[in-house]
Amino acid sequence: MIARETGFSPGSKLYRPAAHFFRGSLGRFVTGVAVVTFDATTADGSVKRHGLTVNSFTAVSMDPPLVLVSIQRTVKSHDFLKDCAFSVNILGAEQQALAMNFAGKPTPEGAPVWEEGEHAPRLAGVLSWFECTPWAGYDGGDHTLFLGRVADYDYRTGDALGFVNGAFSTIHESTQGHESLF
């Protein structure tokens, strides 16, 4: 039996729409956790710092160096990101509170420490970061796919913060990274 075939009619309290199972299927894919940060000019001309937690981030190209973040259109800061420089901050396993802060559930231990980048603000102490200038934006249904050209980047050692099945997890750093090949 396929998971989405429940046998319950839409009127039943046990009924779940197909989107519920689609999301559950997607949730089985382990992802890293990142925070996209940027400064944007608001309608009144003031500059406001933004950050949002994402798990949809990927490398696109080595030459030129491009990365992609997928941002849901209903997120308050979505429209500010268009044509805006941004940083992608990959979180370490110990930074769950920081992820929750930018997911709209702040705690004192999740308060960000900012670093000023040349193009966009970054978060201090993250596992890795990519400072990006805008490259392109594409329609992705209920999301926008924002591509950024990587202008600067760096990383540190440590375990990564992961997300799978609706919960945070730890992705352990391997004993040897690809750096040992060079």
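A disulfide here is a pair of cysteine sulfur atoms within 2.5 Å. Keep that in mind for the first exercise. The model you're looking at is predicted, so local features need pLDDT of at least 70 and side-chain atom pairs count only at pLDDT 80 or more, while totals for chains, interfaces and linings use all residues. Residues are numbered from 1 along each chain as its sequence is written, and side-chain values use heavy atoms, with hydrogens and water left out.

**Exercise 1: Cysteines**

Find out how many disulfides the chain has, and whether C84 and C132 are buried or exposed.

Step 1. A disulfide is a covalent bond between the sulfur atoms of two cysteines. With the cut-off above, the count is zero disulfides.

Step 2. Grab the accessibility rule: buried means under 20% relative accessible area, exposed over 50%, and partly exposed in between (1.4 Å probe, protein chains only).

Step 3. C84 has 11% relative accessibility, so C84 is buried. C132 has 0%, so C132 counts as buried too.

Step 4. For the whole chain of 182 residues, 31% count as buried.

**Exercise 2: The open sheet**

Work out the order of the strands in the seven-stranded sheet, and which strands stand at its edges.

Step 1. Get the terms straight. Helices (H or I, at least four residues) and strands (E, at least two) are DSSP runs, numbered from the N terminus. Two strands pair if DSSP finds at least two bridges between them.

Step 2. By this rule the chain has three helices and twelve strands.

Step 3. Now walk across the open sheet: β3-β2-β6-β9-β10-β5-β4, with antiparallel pairing.

Step 4. Look at the ends: β3 (47-54) and β4 (57-62) each have a single partner strand, so one side of each has no neighbour in the sheet.

Step 5. On average, neighbouring strands of this sheet are turned by 30 degrees against each other, direction ignored. (For such angles, axes are lines fitted to C-alpha atoms, for helices over the stretch in contact, and angles run from 0 to 180 degrees between N-to-C directions.)

**Exercise 3: Bridge partners**

Track down which residue in β9 stands opposite S87, and the bridge partner in β10 of S70 and of Y138.

Step 1. Start at β6 (residues 86-90), which is joined to the antiparallel β9 (residues 128-140) by five bridges. Here S87 faces E131 of β9.

Step 2. Hop on to β9 and β10, an antiparallel pair with twelve bridges. Y138 has L145 in β10 as its bridge partner.

Step 3. Check the turn of that hairpin: two residues lie between the strands, and G141 takes a positive phi near 70 degrees.

Step 4. Finish with β5 (residues 65-72) and β10 (residues 143-155), antiparallel over seven bridges. S70 is bridged to L145 of β10, the residue that also partners Y138.

**Exercise 4: Aromatic pairs**

Count the aromatic pairs in the whole structure, then describe the one formed by F102 and W114.

Step 1. Rings of Phe, Tyr and Trp (its six-membered ring) pair if their centres lie within 6.5 Å; planes under 30 degrees apart are stacked, over 60 edge-to-face, and the rest tilted.

Step 2. The search turns up three aromatic pairs.

Step 3. F102 and W114 sit 5.9 Å centre to centre with 85 degrees between the planes, an edge-to-face pair. This pair links distant parts of the chain, F102 being in helix α3 (residues 96-102) and W114 in strand β7 (residues 114-115), twelve residues apart.

Step 4. Add the accessibility: F102 is buried at 12%, whereas W114 is partly exposed at 28%.
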